[in-house]
Amino acid sequence: MQIYLDGEYVDKSDAKISVFDHGLLYGDGVFEGIRIYNDRVFKLAEHLKRLYDGAKVLMMDVPIEKDELREAVLETVRRNKLSDGYIRLVVTRGVGDLGLNPIKCPKSSIFIVADTIKIYPDEIYKKGMKVITVSTRRNHIEALNPRIKSLNYLNNIMATLEVNRTDAQEGLMLNTDGYVTECIVDNLFIVEEGIIVTPPTSSGALKGVTRDTVIDLAREAGYGVEEKKLTLHEVYICDESFLTGTAAEIAPVTTVDERMISDGNPGPITVDLMKRFKKYANDSGVEVWG
Ligand code: PXG
């Protein structure tokens, strides 16, 4: 496995970063998870935009231009000969001293790993998944805006520890006002009387690339799509529900906190969107060998 690390391609065993890197010491950094479908990198421009936007908010200077980073992503995929897979792109604050102040970190580090991923078994996509509401609240947007895809994922990890004590596959997270935000590593959608609904990013959700793709595909297909505040009550009584994420793609939800969604099977709009997404993912994206 070849890994991009600060301008070089190195073997996995040589891909090492310093114990003084503030990405490790403080979770100070940003990252992206990106899919490769059919020799194409999916929504690369959108992922790069979110990465650079997050870095800007954190006043972290990404040491190379977007075009150069885009090429590094493609070259990493080529060197690992992956037609389908998953890319992890990380920018850390870089090496500093043991103090927290990023002013002591002169240069950010970038690394890119390309591998394969499968987070849920095939059965989940056919039968649907079980989701539970966790007691850990989503980070408050005024404390740490979840729109920044930062290396500090302890909020999500605390929530995952709760899910691990149950037989559910994902956790639903509420914000401090009690509204539904998203799941731990996936955005949440419900269907209410034929309308597709998802919480706004202002509720404390990540502006997911898959979420935005599904909204576009749904509108193109003629469905009504709405971003609105959601309560658990509305989730419990919805007609359909599904999750979206780069790793999860579109995954149907059939149980939330032991309430069966509709008849307990993936709903027709969910199944239709899964088909549309699969086709779109295979036909679009930046050609790796182009
Ligand atoms: N919400 C959160 C909090 C995320 O971290 C998504 C939604 C989906 O966004 P995209 O852009 O991928 O559609 C994510 C992304 C994993 C894993 O193991 C997933 C993410 C991050 C880290 C690990 O599945 N997710």
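In this predicted model, the centres of domain 1 and domain 2, taken over C-alpha atoms, are separated by 26 Å. Domain 1 comprises residues 2-115, and domain 2 comprises residues 122-283. Their contact draws 26 residues from domain 1 and 19 residues from domain 2.

**The ligand shell**

Both domains take part in surrounding the ligand: domain 1 and domain 2 each contribute at least three residues to the shell. The shell around the ligand consists, by class, of 8 nonpolar, 7 polar and 6 charged residues. Among secondary-structure elements, helix 6 (209-220) supplies at least two residues of this shell, and so does strand 13 (240-245). There are 21 residues around the ligand, of which Tyr-153, Glu-182, Val-209, Thr-210 and Thr-246 come nearest.

Polar side-chain atoms of three residues approach ligand atoms at the distances tabulated here.

| Residue | Ligand atom | Distance |
|---|---|---|
| Arg-50 | oxygen | 2.9 Å |
| Glu-182 | nitrogen | 2.6 Å |
| Thr-246 | oxygen | 2.5 Å |

On its own, the ligand has 540 Å² of accessible area, and the protein covers 88% of this area.

**Thr-210 and Arg-138**

Thr-210, one of the residues that come nearest to the ligand, is placed in helix 6. Because its relative accessible area is 4%, Thr-210 is classed as buried. Setting aside residues up to four places away in sequence, Thr-210 touches Thr-244, Gly-245, Thr-246, Glu-249 and Phe-277. One of these contacts, Thr-246, also places a polar side-chain atom 2.5 Å from an oxygen atom of the ligand.

Arg-138 belongs to the loop between strand 7 (129-133) and helix 5 (154-163). Its relative accessibility is 6%, so Arg-138 counts as buried. The side chain of Arg-138 forms a polar contact of 2.8 Å with the side chain of Asn-155. Residues up to four places away in sequence aside, Arg-138 touches Pro-146, Asn-155, Asn-156, Met-173, Leu-174, Asn-175, Thr-181, Glu-182 and Gly-204. Glu-182 thus appears both among the contacts of Arg-138 and among the residues that come nearest to the ligand.

**Ser-150**

Ser-150 is also located in the loop between strand 7 and helix 5. With 6% relative accessibility, Ser-150 is buried, because values under 20% fall in that class. The side chain of Ser-150 reaches the backbone nitrogen of Asn-152 at a distance of 3.0 Å. Residues up to four places away in sequence excluded, Ser-150 touches Gly-29, Val-30, Phe-31 and Leu-144. Ser-150 and Lys-127 are 23 residues apart in sequence, and their C-alpha atoms are 32 Å apart in space.

**Ile-64**

Ile-64 occupies a position in the loop between helix 2 (44-57) and helix 3 (66-79). The relative accessibility of Ile-64 is 15%, and the residue therefore counts as buried. Its contacts, not counting residues up to four places away in sequence, are Tyr-4, Tyr-52, Leu-69 and Ile-110. Between Ile-64 and Gly-7, which are 57 residues apart along the chain, the C-alpha separation is 9.2 Å.

**Loops on either side of strand 15**

Glu-258 is situated in the loop between strand 14 (249-256) and strand 15. Although Glu-258 is not a glycine, its phi is positive, at about 70 degrees. Glu-258 is classed as exposed because its relative accessible area is 61%.

The loop between strand 15 and helix 8 contains Ser-262. Phi of Ser-262 is likewise positive in a residue other than glycine, with a value near 50 degrees.

Asn-265 is found in the loop between strand 15 (259-260) and helix 8 (268-283). At 46% relative accessibility, Asn-265 counts as partly exposed, because that class lies between the 20% limit for buried residues and the 50% limit for exposed ones. Asn-265 and Lys-126 are 139 residues apart in sequence, whereas their C-alpha atoms are 8.4 Å apart in space.

Methods: Residues numbered from 1 in each chain as written. Predicted model: local features only at pLDDT ≥ 70, side-chain atom pairs only at ≥ 80, totals over all residues. Heavy atoms only, no water. Near = heavy atom within 4 Å. Polar contact = N/O pair within 3.5 Å; in protein donor to acceptor, adjacent residues only side chain to side chain. Areas by Shrake-Rupley, 256 points an atom, 1.4 Å probe, with all protein chains shown as cover. Helix = DSSP H or I, 4+ residues; strand = E, 2+ residues; numbered from the N terminus. Nonpolar A, V, L, I, M, F, W, Y, C, P; charged D, E, K, R; others polar. Domains from an automatic or database assignment. Buried < 20%, exposed > 50% of the residue type's maximum accessible area, 1.4 Å probe, protein only. Contact = heavy atoms within 4.5 Å.
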